[in-house]
Amino acid sequence: KVEKLKKLKDLPAITPDGKKVMLAANIGTPKDVKSALANGAEGVGLFRTEFLYMDRTTLPTEEEQFEAYKEVAEKMEGRPVTIRTLDIGGDKELPYLDMPKEMNPFLGYRAIRLCLDRTDIFKTQLRAILRASAYGNIHIMYPMISSVEDVRKANTVLNEVKAELDKEGIKYDKNIKVGIMVEIPSAAITADILAKEVDFFSIGTNDLRQYTLAVDRMNEHVKDYYQPFNPAILRLIKLVIDAAHKEGKFAAMCGEMAGDPLATVILLGLGLDEFSMSATSIPTVKNIIRNVEYERAKEIAERVLNIAEAEKIQKMMEDIIKDIE
Ligand code: PEP
Ligand code: MG
């Protein structure tokens, strides 16, 4: 089976009736590019940049960041690389940042909120990303967006940085795409508004599930409540994909669900354009896509949206993919 999946590496993720989707990899450091390419990733759908900031005593410099982003862009040889701006806070603390002690860190000062407050940190990162964009096909993605104001504020900072680079005569991709993670329920619910202001969405199901179901994603005691196929999650996913398409934008997913073989047919049927996952999941997901008709996936997705119980949906999907070798 492993051998068979390996052969899929250079084949497209296309259904027998011709629906093509993009399969991309989530990476955490430039070293991960090797495995992404070895598993047939057509892009990097999520480059988590936290590694640059962790396990050290000072903030990373613009130059250090630029080198890391450039390395990934070059190694991906023109394939899209979506760089997510800093998503620190929540469970991830930086000792040198003097962050506030919070009762509910996951509902607090993290990710884009921290960046919009500490624009010095944010600008350094955006400069590094923009400079690297001259060496490949880079997209920018903001995490933890909760409203259209967040997007506009972040873009204001981005435009300031672009103007600085212009003044200094430094090259960057003037048409760089800017998208957001949809991982907070308010963003999913207002996806129609947000779709007008961004180039793409990427659904972060790990946090979307945590916030929608009010379940701490790390808490063992409530892990049974952390249901991937909860109807609320599926409805939100549909809402987000439809809103993106209505504005002619693309809808990606980079949460764990994108690499879950039980979810593949549903996500395909809902019209997801890009699935981004840990590289080793790509062959399995591709194999499913290459063996299910898009028309059938649409029917299955529609059926699933009318089922009330998460467990029933899960069982149904287990049966459906059993037939796919
Ligand atoms: C998510 O929330 O689904 C996601 C991809 O981001 P992270 O897991 O880094 O919070
Ligand atoms: Mg997240």
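Student: In this predicted model, what share of the contacts with a separation of 6 or more comes from residues 24 or more positions apart?

Tutor: Such residues account for 68% of those contacts in the protein. A contact here means heavy atoms within 4.5 Å.

Student: What makes the radius of gyration agree with a compact globule?

Tutor: For 325 residues, a compact globule would have a value near 20 Å, and the protein has 19 Å, so the two agree. Along the principal axes, the C-alpha atoms fill a box of roughly 55 × 45 × 35 Å.

Student: How many helices and strands does the protein have, and what percentage of its residues count as buried?

Tutor: There are 14 helices and eight strands. Of the 325 residues, 54% count as buried, a label that calls for under 20% relative accessible area. The accessible surface comes to about 14700 Å², with 51% of that belonging to carbon and sulfur atoms.

Student: Why do Cys115 and Cys254 not count as a disulfide?

Tutor: Let's set the distance against the cut-off. A disulfide needs two cysteine sulfur atoms within 2.5 Å. The sulfur of Cys115 is 16 Å from the closest cysteine sulfur, that of Cys254, so the gap is too far for a bond. Cys254 is likewise in no disulfide, and the structure as a whole holds zero of them.

Student: Why are Cys115 and Cys254 called buried?

Tutor: The limit is under 20% relative accessible area. Cys115 has 0%, so the label fits. Cys254 has 2% and therefore also counts as buried.

Student: Which residues have the most contacts inside the largest nonpolar core?

Tutor: They are Tyr142, Phe201 and Phe275, in a core of 110 residues. Helix α10 (residues 231-246) gives the most to this core, namely eight residues. Apart from it lies another core of five residues, including Leu46, Met141, Met181 and Phe200.

Student: What is Phe201 in contact with, leaving aside its neighbours within four places in sequence?

Tutor: Its partners include Ile180, Val182, Ala191, Leu194 and Ala195. Val240, Ala244, Phe250, Ala251 and Ala252 are also in contact with Phe201.

Student: What makes Glu183 and Asp207 donors of the magnesium ion (ligand 2)?

Tutor: Donor atoms must lie within 2.8 Å of this metal. The OE of Glu183 and the OD of Asp207 lie 2.0 to 2.1 Å from the ion, so they qualify. Glu183 sits in the loop between β5 (177-182) and α7 (185-189), while Asp207 is in helix α9 (residues 205-213), so the pair ties together parts 24 residues apart in sequence. Both Glu183 and Asp207 are buried.

Student: And Glu77: why is it called exposed?

Tutor: Exposed means over 50% relative accessible area. Glu77 has 64%, so it passes that mark. Glu77 is found in the loop between α3 (62-75) and β3 (80-84). Its C-alpha atom is separated by 9.4 Å from that of Gly43, 34 residues apart along the chain.

Student: How do you know that helix α12 (residues 282-289) is mostly covered?

Tutor: Count its buried residues: seven of the eight. They are Ile282, Pro283, Val285, Lys286, Asn287, Ile288 and Ile289.

Student: Which elements do the buried residues of α12 pack against?

Tutor: They pack against the helices α1 (2-7), α11 (261-270) and α14 (310-322), and against the strands β1 (22-27) and β8 (274-277).

Notes: Residues numbered from 1 in each chain as written. Chains lettered and ligands numbered in written order. Predicted model: local features only at pLDDT ≥ 70, side-chain atom pairs only at ≥ 80, totals over all residues. Heavy atoms only, no water. Buried < 20%, exposed > 50% of the residue type's maximum accessible area, 1.4 Å probe, protein only. Core = buried A, V, L, I, M, F, W, Y, C linked by side-chain atoms within 4.5 Å. Helix = DSSP H or I, 4+ residues; strand = E, 2+ residues; numbered from the N terminus. Rg over C-alpha atoms; globule rule 2.2 N^0.38 Å. Areas by Shrake-Rupley, 256 points an atom, 1.4 Å probe, with all protein chains shown as cover. Donors = N, O, S within 2.8 Å, 3.2 Å for Na, K, Ca; no water.
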